[in-house]
Amino acid sequence: MKIFTTVKEIQAYAKEQKAAGKTIGLCPTMGALHEGHMTLMRAARKKCDIVIASVFVNPVQFGPNEDYDKYPRQFDADCEKLEKEGVDAVFHPEPLEMYPEGYGTYVTVESGITNVLCGARRPGHFRGVATVVTKLMNLARADEAFFGQKDAQQVAVVRRFVADLNLNVHVNMVPICREESGLARSSRNAYMSAEEKQAALVLSRSLKKAREAYDAGERSAAALKDIVSKELATEKLAKVDYVDVYTFPALQPVETVSEESLLAIAVYIGKTRLIDNIILK
Ligand code: AMP
């Protein structure tokens, strides 16, 4: 597996692969890789000739009081996992390589989709995501890009700017990978104590209850949110940030679920902010 740290190296590699007629799949990550990330690699491996993963903790998508400094970094272990999945190349730049002195261009999705859910709570977050993903797609000359449903709003944002900017990249959404307990895998799970991890099971449990009600015919967004909120309230370590339902991927408000919709939650377990969701079809 090739490891690139500079823009020049990855550009040369992508150019070579395109000249050889290969299709390129890109899997952007921030590292501290777990089984959820590996499901993206496998989807890319299946669909594309060349798989490029990026491991980059993107400073531009973190707010001033967020966890940029303490975000887990374990590049050697990440490379071992990527190599096992048959990833062809990993791009691991320093922040200054991506944002050198004088850097001044950002991609801002201005449609309402960035004003709700995490977009409303994390100002500037999706501007940072859209900027880095645009740069990575461009650098890797990606034909396909792979993202997890775990960050469903991110998928909606990426699909929006890919369409708006006429980027010739197909955006794939991979289902949420969970631990056997139901907990959605996340690099941030490592912040939690054993007791907090146990408490965190309330997220998937609450969504499961909503799913059951939906399957039994419940279509009122307020009622579905209520089911989730009531279950979350049973866990004393849980502090709700949001419980909301929007159409997917347009992220328009919903009263009665009649088209594909996203029931998304963000919950603090102690100091760790976790997100999870289900898509109602
Ligand atoms: P991150 O490193 O957290 O920025 O995640 C990189 C990519 O992996 C994003 O597209 C995430 O949505 C995806 N991802 C993270 N956790 C999971 C999971 N549990 N299941 C599926 N995809 C995931």
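This briefing describes the overall fold, the ligand shell and three individual residues of a single protein chain with its ligand. The model is predicted. The protein chain has 10 helices and 9 strands, and 53% of its 281 residues count as buried. The ligand is largely enclosed, as the protein buries 93% of the 480 Å² that the ligand exposes when taken alone.

**Overall fold**

- The radius of gyration of the protein chain is 19 Å, which agrees with the value near 19 Å for a compact globule of 281 residues.
- The C-alpha trace spans about 55 × 40 × 40 Å along its principal axes.
- Contacts between residues at least 6 apart in sequence join residues at least 24 apart in 72% of cases.
- About 13,300 Å² of the protein chain is exposed, and carbon and sulfur atoms supply 48% of that area.

**Ligand shell**

- The shell around the ligand comprises 17 residues, of which Met30, His37, Asp151, Cys177 and Arg185 come nearest.
- By class, these residues divide into 8 nonpolar, 6 polar and 3 charged.
- The side chain of Asp151 places an N or O atom 2.6 Å from an oxygen atom of the ligand.
- His37 has a polar side-chain atom 2.9 Å from an oxygen atom of the ligand.
- Gly148 takes part through its backbone, with a polar atom 2.9 Å from an oxygen atom of the ligand.
- Strand S2 (24-29), helix H2 (35-47) and strand S5 (144-148) are the elements that each give two or more residues to this shell.
- Helix H2 makes the greatest contribution, with 3 residues.

**His34, in the loop between S2 and H2**

- His34 belongs to the loop that connects S2 and H2, two elements that also supply residues to the ligand shell.
- The relative accessible area of His34 is 18%; because the limit for a buried residue is under 20%, His34 counts as buried.
- Apart from residues up to four places away in sequence, His34 touches Arg185, Ser186 and Ser187.
- Arg185 is also one of the residues that come nearest to the ligand.
- The side chain of His34 reaches the backbone nitrogen of Ser187 at 3.5 Å.

**Thr131, in helix H6**

- Thr131 is located in helix H6, which covers residues 125-140.
- With a relative accessible area of 2%, Thr131 is buried.
- A polar atom of the Thr131 side chain lies 2.9 Å from the backbone nitrogen of Val107.
- Beyond its neighbours within four places in sequence, Thr131 contacts Tyr99, Tyr103, Thr105, Tyr106 and Val107.
- Val107 therefore appears both among the contacts of Thr131 and as the backbone partner of the Thr131 side chain, which is itself part of a buried residue.

**Tyr268, in strand S8**

- Tyr268 sits in strand S8, which covers residues 261-269.
- The relative accessibility of Tyr268 is 28%, so this residue counts as partly exposed.
- Although Tyr268 and Lys239 are 29 residues apart in sequence, their C-alpha atoms are 4.9 Å apart in space.
- Lys239 is also among the contacts of Tyr268 outside four places in sequence, together with Leu237, Ala238, Asp241 and Arg273.

Technical notes. Residues are numbered from 1 along each chain as its sequence is written. This is a predicted model: local features need pLDDT of at least 70, side-chain atom pairs count only at pLDDT 80 or more; totals for chains, interfaces and linings use all residues. Side-chain values use heavy atoms; hydrogens and water are left out. A residue is near a molecule or strand if one of its heavy atoms lies within 4 Å of it. A polar contact is a pair of N or O atoms within 3.5 Å; within protein, one must be able to donate a hydrogen and the other to accept it, and residues adjacent in sequence count only if both atoms are side-chain atoms. Accessible areas come from the Shrake-Rupley method with a 1.4 Å probe; for residues, only the protein chains shown count as cover. Helices (H or I, at least four residues) and strands (E, at least two) are DSSP runs, numbered from the N terminus. Ala, Val, Leu, Ile, Met, Phe, Trp, Tyr, Cys and Pro count as nonpolar, Asp, Glu, Lys and Arg as charged, and the others, Gly among them, as polar. Buried means under 20% relative accessible area, exposed over 50%, partly exposed in between (1.4 Å probe, protein chains only). Contact means heavy atoms within 4.5 Å. The radius of gyration is taken over C-alpha atoms; the globule rule is 2.2 Å times the number of residues to the power 0.38.
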